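Work through the exercises below with the sequence and the model side by side, and try each task before reading its solution.

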Amino acid sequence: MKLRTVLANRLVTFLAGLALAGAGAFALAWVWQVPLAREQLSRLDRPRVTDVPDQSWWTPALWSVFAGGLVLGIALLAVNLSRRRTSTVQLYDQVTDATLGVELGPVVDGVAAELAALPGVRAVRGRAVVERHLPTLSVVVHADPTIDVTELTEAAEDAAQRVARALGGAHVATQILVHLDPAVDVH
């Protein structure tokens, strides 16, 4: 999930939670006969409150709240359900004046398969995703704790450089994360 999406979700959830917690706290204070809550409610002009739905501004206010809630809900759904998969990357060849479309899924699968063949690698998962508006080849390597980290790092860097050369200047990031499994302590 994109950082902006996470922040938007957390902000909406925080504000809704804060409003509900405040309303709940006030209701409990009224039930428990807390003087401040009782005093606030005693100041309420009940005839004026019951006449609010008859005011000329009431219907437009309700429609405005409905429209705002609908727009916010649709925006949150759109942001949360948007695809993170990459689209086809277009490569342009100046010599032939041709454009070639490259799907990044098979490219990341090839990088993952290459790294999976290294000794000490237990599992590899690769995905082509969009991270911060940039197509990204994301590869996660799970390896034995006794693996030669230098060799694995060199292989990962070599794979990333070959992908960059193969994609000929296209704006595509390569991210290779290495997770070393916990060492088993045998006494």
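The exercises that follow move from the whole chain to single residues.

This is a predicted model, in which local features need pLDDT of at least 70 and side-chain atom pairs count only at pLDDT 80 or more, while totals for chains, interfaces and linings use all residues. Residues are numbered from 1 along each chain as its sequence is written, and side-chain values use heavy atoms, with hydrogens and water left out.

**Exercise 1. Overall form**

Describe the order of helices and strands in the protein, and work out how its radius of gyration relates to the globule rule.

Solution. Begin with the inventory: helices (DSSP runs of H or I, at least four residues) and strands (E, at least two) are numbered from the N terminus, and the protein has six of the former and five of the latter. Along the sequence their order is α-α-α-α-β-β-α-β-β-α-β. Next, compare the two radii: the radius of gyration is 29 Å, well over the 16 Å that the globule rule gives for 187 residues, so the protein is more spread out than a compact globule. Here the radius is taken over C-alpha atoms, and the rule is 2.2 Å times the number of residues to the power 0.38. Finally, turn to the box that the C-alpha atoms fill along the principal axes, which is roughly 80 × 65 × 15 Å.

**Exercise 2. Burial and contacts**

Find what share of the residues is buried, and what share of the contacts between residues at least 6 apart in sequence joins residues at least 24 apart.

Solution. Residues count as buried under 20% relative accessible area, exposed over 50% and partly exposed in between (1.4 Å probe, protein chains only); by this cut-off, 18% of the 187 residues are buried. Contact means heavy atoms within 4.5 Å, and of the contacts between residues at least 6 apart in sequence, 58% join residues at least 24 apart.

**Exercise 3. Aromatic pairs**

Determine how many aromatic pairs the protein has, and describe the geometry and surroundings of their members.

Solution. First apply the rule: rings of Phe, Tyr and Trp (its six-membered ring) pair if their centres lie within 6.5 Å, and planes under 30 degrees apart count as stacked, over 60 as edge-to-face and the rest as tilted. The count comes to two aromatic pairs. One of them joins W57 and W58, whose centres are 5.8 Å apart with 70° between the planes, an edge-to-face arrangement. W57 is partly exposed at 47% relative accessibility, and W58 is partly exposed at 28%. W63 and F66 also pair edge-to-face, at 5.7 Å centre to centre and 90° between the planes. Being three residues apart in helix α4 (residues 58-81), W63 and F66 are separated by about one helical turn. W63 is exposed, with a relative accessible area of 57%.

**Exercise 4. R38, Q33 and a positive phi**

Locate R38, list the residues it touches beyond four places in sequence, and then examine the backbone of Q33 and of D97.

Solution. R38 lies in helix α2 (residues 35-42) and is partly exposed at 32% relative accessibility. Leaving aside residues up to four places away in sequence, R38 touches W30, V31 and Q33. Q33 sits in the loop between α1 (3-31) and α2 and is exposed at 56%. Most residues other than glycine have a negative phi. Q33, although not a glycine, has a positive phi of about 55°. D97 likewise has a positive phi, near 55°, and is a residue other than glycine; D97 is placed in the loop between β1 (89-93) and β2 (98-102), and counts as exposed at 56% relative accessibility.
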